[in-house]
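This report describes how nonpolar residues and helices pack in one protein chain. Look over the sequence and the structure before reading on.

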Amino acid sequence: MQRAAADFVAAVYKRSGNMNKNDRFKACFQEYKDQLVRLVVSKTGDYELAQEIGQQVFCAFYIHMDAVEDDFVKAWLIKSTRNAIVDHYRKLDIRKEISLDAENRMNLNRSGEASGENCENQVIYSEMLGRIFREIRKDNKKFYEVLVMVCVDGMSYEETARRLNVSEQVVRTRLSRARKYVRDKYGDEYWGSQA
């Protein structure tokens, strides 16, 4: 019943041409929110995550709504939802890699406690990384921003591009150049410390 009412209101507004942005958003939200949540739940099995991703997608839709024609709203929302699901899993994979890498570097002994030598090595390694990041920030702020957003915070290229107000290709290029810069300038020091 509620859906039929929302359809009716949307149809009336469309015909009359009096639908403002907020009314259009409300009509689209009412029309597609359940469908998007079901899509995310079917892919993730997590209802709370589905609500969170749905909220992100609808926030993005509100921002870009003026550029989306009425006939393509559903397609835009579904595509954005699928992209958000992929981004979610990419972030999980990156976090797992980072946490596994940190655990391996820590090299816990059998009792589950880090040996004094390993703790000392971990502190030295952390201080070295901090110094490298400070120097990169001082030398090239653009490299620093991309390295932190993508490699440390685990943001997607798309999200990083949005935050920096550049294209994804620019993010990829900066990241590639930043990694080469780190390898060239700190390669021996960085890789030697991990041995």
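## Cores and helix packing

In this predicted model, the largest nonpolar core has 20 residues, and those with the most contacts inside it are I53, F58, F61, V73 and L77. At least two residues of this core come from each of the helices α2 (21-44), α3 (47-64) and α4 (73-106). Helix α2 supplies the largest share, 7 residues. In soluble globular proteins, nonpolar side chains tend to be buried together.

F58 shows the packing at the level of one residue. Leaving aside residues up to four places away in sequence, F58 touches F25, C28, F29, Y32, K33, L36 and L77.

Another core lies apart from the largest one and has 15 residues, including M149, V150, M155 and A161.

The next topic is a pair of helices. Two packed helices are described by the angle between their axes and the distance between the axes. Helix α6 and helix α7 pack at an angle of about 140°, and their axes are 10 Å apart. Angles over 145 degrees count as roughly antiparallel, 65 to 115 as roughly perpendicular; α6 and α7 are therefore oblique to each other. Their crossing is right-handed.

The table lists the residues through which α6 and α7 make contact.

| Helix | Residue range | Residues in the contact |
|---|---|---|
| α6 | 141-152 | E145, V146, M149 and V150 |
| α7 | 157-164 | Y157, T160, R163 and L164 |

By type, the residues of the contact of α6 with α7 are 5 nonpolar, 1 polar and 2 charged.

Methods
Residues are numbered from 1 along each chain as its sequence is written. This is a predicted model: local features need pLDDT of at least 70, side-chain atom pairs count only at pLDDT 80 or more; totals for chains, interfaces and linings use all residues. Side-chain values use heavy atoms; hydrogens and water are left out. A nonpolar core is a set of buried Ala, Val, Leu, Ile, Met, Phe, Trp, Tyr and Cys residues joined through side-chain atoms within 4.5 Å. Buried means under 20% relative accessible area, exposed over 50%, partly exposed in between (1.4 Å probe, protein chains only). Helices (H or I, at least four residues) and strands (E, at least two) are DSSP runs, numbered from the N terminus. Contact means heavy atoms within 4.5 Å. Axes are lines fitted to C-alpha atoms, for helices over the stretch in contact, and angles run from 0 to 180 degrees between N-to-C directions. Angles under 35 degrees count as roughly parallel, over 145 as roughly antiparallel, 65 to 115 as roughly perpendicular and the rest as oblique. A crossing is left-handed if the near helix is turned anticlockwise from the far one by less than a right angle, and right-handed if clockwise. Ala, Val, Leu, Ile, Met, Phe, Trp, Tyr, Cys and Pro count as nonpolar, Asp, Glu, Lys and Arg as charged, and the others, Gly among them, as polar.
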